[in-house]
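This report walks through one protein chain, from its overall make-up to a few individual residues. Please look at the sequence and the structure before reading on.

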Amino acid sequence: MSGCGCEVEIKDASQKRVLYWLLGINATMFFVEMTVGILADSTALIADSMDMLADAVVYGIGIYAVGKSILHKAKAAQISGYFQLLLGVMILIDITRRLFLGSEPISSLMIGMGFIALIANVACLMIIRNHKNDEVHMRASWIFSANDVIANMGVIIAGVLVVWLDSRVPDLVIGCIVSIVVLRGAWMILKDATQEVFNNEVQKGKVGDPL
């Protein structure tokens, strides 16, 4: 029936179902990976678990945004971006602390946990792939899921290098890279969300179109 809004309802329900799955996977993986990261004394694992936490928050905010206006979705994405930015800075602070206090990462735990996290995040990508070009809150979710896969591969590589080089340096380096990935993801979604907010204000006539 024309104009019934059925497509919107179906899409909103589909988005919410996808986001609930992503939230559950990332929240669970945060607790598991943080625990293993502490046991393994691994900067890379702890950084990756913080990334999982950031993503869980993103998905939770995304669930709130489903069915709301474009402006609500853009502002929800902005909140997600700022939270991810905060966690990226926290990871860098932890890395700095470990540079001075030292650490003894356990490579076997790093590699094993890295593979488990990689499988979880590939599953997240498969779940959200059909929504990667939807509104800004779903694009944010896609960006963060894709970043997680990169971070997981980095953790695995760090574990291998820790064994090969008998050094904690690879763990610290990958921890830094993960933080950069987190910060980059935050910047991308903040840029996207800010543009959406601006476009919305232009359409409402609140600001002048620079073009």
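Helices and strands are here DSSP runs, with at least four residues for a helix (H or I) and at least two for a strand (E), numbered from the N terminus. By that count, the chain of this predicted model has six helices and zero strands. Along the sequence the pattern reads α-α-α-α-α-α.

**The chain overall**

The chain has 211 residues, of which 49% count as buried. Its accessible surface comes to about 10,500 Å², and 69% of that area belongs to carbon and sulfur atoms. Among contacts between residues at least 6 apart in sequence, 82% join residues at least 24 apart.

**Spans from the record**

An unreviewed UniProt entry places the feature "transmembrane region" at residues 18-40, 52-71, 83-100, 106-128, 149-166 and 172-190. Two of these spans are described below by their helix and strand content and by the distance between their end C-alpha atoms.

| Residues | Helix | Strand | End C-alpha distance |
|---|---|---|---|
| 18-40 | 100% | 0% | 32 Å |
| 106-128 | 96% | 0% | 33 Å |

**The nonpolar core**

The largest nonpolar core has 40 residues, and L22, M29 and L45 touch the most other members. The elements giving two or more residues to this core are α1 (6-40), α2 (43-65), α3, α4, α5 (136-165) and α6. Helix α2 gives the most, with 10 residues. For L45, the contacts beyond four places in sequence are E33, V36, G37, A40, L109, M110, M113, G114 and V155.

**Two buried residues in contact**

T43 lies in helix α2. Its relative accessibility is 1%, so T43 counts as buried. Apart from neighbours within four places in sequence, T43 is in contact with D94, I95, R98, D171, L172 and G175.

One of those partners, D171, is in helix α6, which covers residues 169-203. Is D171 buried or exposed? D171 counts as buried because its relative accessibility is 0%, and the cut-off for buried is under 20%. Leaving out residues up to four places away in sequence, D171 touches D41, S42, T43, A44, P105, M110, A158 and V162. M110 therefore appears in the contact lists of both D171 and L45, with contact meaning heavy atoms within 4.5 Å.

**Partly exposed residues**

L53 also has its place in helix α2. L53 counts as partly exposed because its relative accessibility is 23%, and partly exposed covers values between the buried limit of 20% and the exposed limit of 50%. Beyond its neighbours within four places in sequence, L53 is in contact with F30, F83 and L87. What separates L53 from L23 in sequence and in space? The two are 30 residues apart in sequence, and their C-alpha atoms are 9.3 Å apart.

I106 is in the loop between α3 (70-101) and α4 (107-128). With a relative accessibility of 36%, I106 counts as partly exposed. Which residues form a nonpolar patch on the surface with I106? They are L39 and L109, and the patch of L39, I106 and L109 has about 260 Å² of accessible area together. L109 is also among the residues that L45 touches.

Note on methods: Residues are numbered from 1 along each chain as its sequence is written. This is a predicted model: local features need pLDDT of at least 70, side-chain atom pairs count only at pLDDT 80 or more; totals for chains, interfaces and linings use all residues. Side-chain values use heavy atoms; hydrogens and water are left out. Patches are made of residues with over 30% relative accessible area and no salt bridge: like charges are joined within 9 Å, nonpolar side chains (Val, Leu, Ile, Met, Phe, Trp, Tyr) within 5 Å. Accessible areas come from the Shrake-Rupley method with a 1.4 Å probe; for residues, only the protein chains shown count as cover. A salt bridge is a side-chain nitrogen of Lys or Arg within 4 Å of a carboxyl oxygen of Asp or Glu. Buried means under 20% relative accessible area, exposed over 50%, partly exposed in between (1.4 Å probe, protein chains only). UniProt positions are given in the numbering used here, feature names are shortened, and annotations may be inferred rather than shown by experiment. A nonpolar core is a set of buried Ala, Val, Leu, Ile, Met, Phe, Trp, Tyr and Cys residues joined through side-chain atoms within 4.5 Å.
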